[in-house]
Amino acid sequence: MSHLVNIITAGQALEKAKKVLIMVHGRGGTATEILHLSTYLKVDGYALLAPQAANYTWYPYSFMAARERNEPWLTSAIQVLADTVQQAQDNGVKTENIYFFGFSQGACLILEYLAQHANRYGGAAAIIGGLIGEEIDTSKYQGDFGQMPLFIGTSDPDPHVPLQRVQASVAILKNMNANVQLSIYPNFEHSVNQDEIAIANTFVFG
């Protein structure tokens, strides 16, 4: 199965915006739901673009399953993000003014997309996610983030995303010249908390 490019929009009209935030929902979620989080973010004047996954999931198995088990959904999902970025660029938005926000499966997806297409984007916030694969395959990753601010918040323990994988992902992303800030929340549920929103607002969007 592959994903169609189905983007739900909010905020400033894309053709008028100077900044874009791409928001990516988690498994079982919707583009509309993730867009609701934007009301807590300092993104006034941004065009908000939220792609919708087919059947509400970007890939069928755990992000730590063998990559081939999640194909062709995973490659298709990454292409959807590439197409969403291209849509922003086609409307005159500079790369350094494109931002990302993802939760859970969406956080894994934006981290994987960014690692495969590292550039000096505006910044990114990934809440409970890590790089994808049974083992992390760094041969797929290329580019330089140019000290792009990247905030990763995670719970410990988390039922879906082990802290060890988050920390391994942080190390790789830092080695690709991302300015990574990691916050770990002991015994917190699998959700976005107020502290993560506050850090995203000051570190990424501030």
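## Exercises on a predicted model

At 0% relative accessibility, Pro51 counts as buried. The model is predicted.

**Exercise 1.** Place Pro51 in its element and list its contacts beyond four places in sequence.

*Solution.* Start with the element. Pro51 is found in strand E3, residues 46-51. Next, check burial. Buried means under 20% relative accessible area, so Pro51, at 0%, counts as buried. Then list the contacts. Leaving out residues up to four places away in sequence, Pro51 touches Asn6, Ile7, Ile22, Met23, His25, Ala31, Trp58, Val80, Leu81 and Thr84. Last, take a distance. Phe103 is 52 residues from Pro51 along the chain, and their C-alpha atoms are separated by 13 Å.

**Exercise 2.** Locate the cis peptide bonds that lead into Pro72 and Pro157.

*Solution.* Take Pro72. A cis bond joins Glu71 to Pro72, with omega about 5 degrees. Pro72 sits in the loop between E3 and helix H2 (73-90). Now Pro157. The bond from Asp156 is cis, with omega near 0 degrees. Pro157 lies in the loop between strand E6 (149-156) and helix H4 (163-175).

**Exercise 3.** Are Ser104 and Ile128, with their positive phi, buried or exposed?

*Solution.* Begin with the backbone. Ser104 is not a glycine, yet its phi is about 55 degrees. Ile128 is not a glycine either, and its phi is about 60 degrees. Now the loops. Ser104 falls between strand E4 (98-103) and helix H3 (105-116). Ile128 falls between strand E5 (123-127) and E6. Finish with accessibility. Ser104 counts as buried because its relative accessibility is 13%. Ile128 counts as buried at 0%.

Conventions
Residues numbered from 1 in each chain as written. Predicted model: local features only at pLDDT ≥ 70, side-chain atom pairs only at ≥ 80, totals over all residues. Heavy atoms only, no water. Helix = DSSP H or I, 4+ residues; strand = E, 2+ residues; numbered from the N terminus. Buried < 20%, exposed > 50% of the residue type's maximum accessible area, 1.4 Å probe, protein only. Contact = heavy atoms within 4.5 Å.
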